[in-house]
Amino acid sequence: MRIRELKPSKRVRGRWLAMLEDGAILRLGESEIADFALYAGRELDGEELERLTGAARSRGLKEKALALTAGRPVSRRELEKKLLSWEASPQETEEICGRLEELGYLNDAAYAAQVVRHYSAKGFGEKKLRDELYRRGVPRDLWDEALEQAQDTAQAIDAFVAKKLADKTPDRKELGKVSAALARRGFHWEEIKEALDRYTDGFRD
């Protein structure tokens, strides 16, 4: 297979486009250009073309994984799922994730702490925090340490109750609605009962 044209991409810095005589286009990095000694007019036999295609594909996966982890925090499990959806092999997935961990782009412990701080600051309880850690694929052995980053539960519940009831003397139906809402936000029933007791006690003083 002959390379009909080889030129730098106008859109992505460091990327080259190799137009093959059959109309196919290979998106290559500078490393592939050097490693395979590519130039316009070069003939590639079947084995060379297969190796070049594989190298370009592998580099593309690494670039996409790096862009993802640099753009927002993710867990290793989330990145593994994404790589597999991009048709990376298990070996490629393991190598890419391992390398990004070495570089500091993947850090499940730091990510878990960030998730807890984020949802805790929004006024969610421990059950919700655990659900989020599970949903995001954070290893369970990191949960307890991460949950230490949670804000004071009583303060969050009291603020929620005060906002919902707006300093009114609540009836049983209103208290039931608030209890259900707090349960959906991940708080334990014991925490909810104590918070409602604190609120109603304020009307008895």
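This is a short walk through a predicted model, going from one buried glutamate to a pocket, a ring with charges over it, and a few single residues.

Let us begin at Glu32, which is found in helix α1, residues 30-35. Is Glu32 buried or exposed? Its relative accessible area is 4%, and because the cut-off for buried is under 20%, Glu32 counts as buried. The side chain of Glu32 has a partner there: a polar contact of 2.7 Å joins it to the side chain of Arg59. Beyond residues up to four places away in sequence, Glu32 touches Ala37, Leu38, Leu52, Ala55, Ala56 and Arg59.

One of those contacts, Ala37, deserves a stop of its own. Ala37 belongs to the loop between α1 and α2. Its phi is near 50 degrees, a positive value in a residue other than glycine. With a relative accessibility of 45%, Ala37 counts as partly exposed.

Two other contacts of Glu32, Ala56 and Arg59, lead us on to the largest pocket, since both appear among its lining residues. What is the volume of the largest pocket? The value is about 200 Å³. Its lining consists of Arg15, Leu26, Arg27, Thr53, Ala56, Arg57, Arg59, Gly60, Leu61, Glu63 and Lys64. Two elements give two or more residues to this lining, namely β3 (25-29) and α2 (46-71). Of these, α2 provides the largest share, with 8 residues. Arg59 thus ties two parts of the picture together: its side chain meets that of Glu32 in the polar contact, and Arg59 also helps to line the pocket.

Now move along to helix α3, residues 76-85, which holds Glu80. This is another buried glutamate, at 18% relative accessibility. Leaving aside neighbours within four places in sequence, Glu80 is in contact with Thr93 and Cys97. In the loop between α3 and α4 you will find Glu87, for which the picture is quite another one: at 64% relative accessibility, Glu87 counts as exposed. The phi of Glu87 is near 70 degrees, again a positive value in a residue other than glycine.

Helix α4, residues 90-103, is where Arg99 sits. Arg99 is partly exposed, at 46% relative accessibility. How far apart in space are Arg99 and Lys62, C-alpha to C-alpha? The distance is 9.5 Å, although 37 residues separate them in sequence.

Next, turn to the ring of Phe124. Which residue has its charged end over this ring, 4.2 Å from the centre? That residue is Arg185. Lys128 also lies over the face of Phe124, at 5.4 Å from the ring centre. As for rings that pair with other rings, a search of the whole structure finds 1 aromatic pair.

The last stop is Pro170, in the loop between α8 (153-165) and α9 (172-184). Pro170 has a relative accessible area of 14%; buried means under 20%, so Pro170 falls in that class. From Pro170 you can look across to Leu196, 26 residues away in sequence, with 9.9 Å between the two C-alpha atoms.

Definitions and conventions. Residues are numbered from 1 along each chain as its sequence is written. This is a predicted model: local features need pLDDT of at least 70, side-chain atom pairs count only at pLDDT 80 or more; totals for chains, interfaces and linings use all residues. Side-chain values use heavy atoms; hydrogens and water are left out. Helices (H or I, at least four residues) and strands (E, at least two) are DSSP runs, numbered from the N terminus. Buried means under 20% relative accessible area, exposed over 50%, partly exposed in between (1.4 Å probe, protein chains only). A polar contact is a pair of N or O atoms within 3.5 Å; within protein, one must be able to donate a hydrogen and the other to accept it, and residues adjacent in sequence count only if both atoms are side-chain atoms. Contact means heavy atoms within 4.5 Å. Rings of Phe, Tyr and Trp (its six-membered ring) pair if their centres lie within 6.5 Å; planes under 30 degrees apart count as stacked, over 60 as edge-to-face and the rest as tilted. A charge sits over a ring if NZ of Lys or CZ of Arg is within 6 Å of the ring centre and within 35 degrees of the ring normal. On a 1 Å grid over the protein atoms alone, a cavity is a set of points where a 1.4 Å probe fits but cannot get out, and a pocket is an open set with protein on both sides within 12 Å along at least five of seven lines; lining residues have an atom within 4 Å of a point. Grid points are joined across faces, edges and corners, and a volume is the space filled by probe spheres set on the points.
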